[in-house]
Amino acid sequence: MRLHIRTLSVLIFFLIAVTLLPFGSEYKRQIFLPNFELKSPSESLSLVATPPKQNLSSELVNTPSRKFPLIFQQDNPQTIPALIVRTWKNNDKRHLAADPRWTQWFSTWTQKNPGHLHILLDDEEGRHFVAKRFPGKIAQAYFRLPLVVQRADFLRYLLLWYFGGVYSDMDTSCLKPIDEWAPKDSQLIAGLEVGVWTQGFEGNNVQLTQWTMSVVPRHPAYTSLIETLTESILNSSNETLHNKDNVVRLTGPIPYTKAILKYLESQKVGSTKEIEDLVVGYKVFGDVTILGAASFSMAGADRADSYVRHEYTGEWGDGWKKSSNYAKEEHP
């Protein structure tokens with residue numbers, strides 16, 4: 001497969017990182033390259049631990065950039081990296097191949113985006129990532145969450161804050177290349193959710209999808225989101241945390257939407273009223289691009305101008321909303 005220049009530069013960074021950073025079994029990350037070939041365990045990258053911080057703000061804001069793995073260093077930190085970051089209970093591609101639907105959905109991301117590095121972390125690797133990279137209150141909050149789906153929500157925000165790039169649920173298909181979604185100088189890309197305009201947002205008539213998101217590392221909107229989630233989780237009762245009905249409000253699209261809208265308001269770059277009826281195209285608010293509701297669509301509702309299709313397997317008979325599957329309790 002002929003890779004374009006950006007892919008080659010990312011792979012060069014990977015080789016440099018492999019050469020300079022220590023290896024070990026403590027934190028191994030499998031990497032899916034554009035040809036969907038899984039790197040062998042011996043080529044997994046072991047990250048360097050970040051020292052503990054004294055408070056929440058220093059955990060997020062003052063982490064030296066030299067602590068980032070070299071593979072994710074960007075020539076322009078204001079540009080969204082060419083990375084696709086995913087999480088799943090198992091990062092073995094043979095597990096995906098057991099169900100052709102998951103294989104097909106996953107493959108669309110590599111096929112449509114040959115210039116992007118595709119990274120998949122499993123549950124265990126996610127736990128190691130949080131423990132090593134966010135020691136302190138953030139890790140305390142993460143490990144206090146009893147439900148798998150809650151941790152999956154929190155982990156995606158932490159991964160995007162740390163690495164930047166694109167996150168998308170495993171039950172999504174990429175319909176158009178990521179580079180065609182928004183203006184090149186966008187630092188945060190969010191899509192309007194289809195069909196849930198007024199679902200519990202205390203006067204806000206929009207909801208943003210958090211099953212597909214894109215952002216530069218350390219964007220202030222994500223910093224605010226993580227800080228808010230951390231305090232909310234640590235101050236919630238055990239009863240609240242164990243209630244599956246609280247997932248959307250506690251860690252899901254509601255706090256995510258509120259954080260993005262709060263950031264837009266703080267920047268004084270326009271009113272969210274301008275996007276309430278946005279279906280096709282996008283609206284730019286400073287460094288944030290909001291995509292119309294057709295861009296990130298549900299299965300059966302996608303159209304020619306859709307970028308990503310979501311199968312919403314959480315709504316299926318064995319999905320987390322219908323059973324104890326992904327809403328099961330998890331203990332560290």
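Me: Two strands pair if DSSP finds at least two bridges between them. What makes β5 and β11 a pair, then?

Reply: First, a reminder that this is a predicted model. DSSP needs at least two bridges for a pair, and 3 bridges join β5 to β11 (residues 308-310), so the two strands qualify. They run antiparallel. For one of the contacts to look up, take C174: its bridge partner in β11 is V308.

Me: What kind of sheet do those strands belong to?

Reply: An open one made of 3 strands, in the order β5-β11-β10, with mixed pairing. On average, neighbouring strands in this sheet are turned by 25° against each other, if you ignore direction.

Me: Why do β5 and β10 stand at the edges?

Reply: β5 (172-174) and β10 (296-298) have a single partner strand each, so one side of each has no neighbour in the sheet.

Me: Which helix lies across β5 and β11?

Reply: That's α4 (residues 100-112), and α4 runs at about 25° to β5.

Me: On to β2 (residues 83-87). How do you know how far the rest of the structure encloses it?

Reply: Count its buried residues. The cut-off for buried is under 20% relative accessible area, and 5 of the 5 residues of β2 meet it, so the strand is largely enclosed by the rest of the structure.

Me: Which residues of β2 lie on which side?

Reply: L83, V85 and T87 are on one side, I84 and R86 on the other, and all of them are buried, so both faces are covered. In a regular strand the side chains alternate between the two faces of the sheet.

Me: What makes β2 and β3 count as paired?

Reply: At least two bridges are required, and β2 and β3 (residues 117-121) have 5, so they pair; the two run parallel. Looking at partners in β3, I84 bridges to H118, while V85 bridges to I119.

Me: How many bridges are there between β2 and β4?

Reply: There are 2, in the parallel sense, with β4 covering residues 165-168. Since at least two is the requirement, this counts as a pair. V85 turns up again here, with Y167 as its bridge partner in β4.

Me: Is β3 mostly covered or mostly open?

Reply: Mostly covered, with 5 of its 5 residues buried. L117, I119 and L121 take one side, H118 and L120 the other, and both faces are covered.

Me: Now the helices. Why is α8 called oblique to α11?

Reply: Helix α8 (residues 220-234) and helix α11 (residues 253-267) pack at about 135°, with their axes 9 Å apart. An angle has to be over 145 degrees to count as roughly antiparallel, and 65 to 115 is roughly perpendicular. The angle here fits neither range, so α8 is oblique to α11. The crossing itself is right-handed.

Me: What residues make that contact?

Reply: On α8 it's P220, A221, Y222, S224, L225 and L229; on α11 it's P255, Y256, A259, I260, K262 and Y263. They divide into 10 nonpolar, 1 polar and 1 charged.

Me: And how much of the whole chain is buried?

Reply: Of its 332 residues, 54% count as buried. The chain comes to 11 helices and 11 strands.

Methods
Residues are numbered from 1 along each chain as its sequence is written. This is a predicted model: local features need pLDDT of at least 70, side-chain atom pairs count only at pLDDT 80 or more; totals for chains, interfaces and linings use all residues. Side-chain values use heavy atoms; hydrogens and water are left out. Axes are lines fitted to C-alpha atoms, for helices over the stretch in contact, and angles run from 0 to 180 degrees between N-to-C directions. Helices (H or I, at least four residues) and strands (E, at least two) are DSSP runs, numbered from the N terminus. Angles under 35 degrees count as roughly parallel, over 145 as roughly antiparallel, 65 to 115 as roughly perpendicular and the rest as oblique. A crossing is left-handed if the near helix is turned anticlockwise from the far one by less than a right angle, and right-handed if clockwise. Contact means heavy atoms within 4.5 Å. Ala, Val, Leu, Ile, Met, Phe, Trp, Tyr, Cys and Pro count as nonpolar, Asp, Glu, Lys and Arg as charged, and the others, Gly among them, as polar. Buried means under 20% relative accessible area, exposed over 50%, partly exposed in between (1.4 Å probe, protein chains only).
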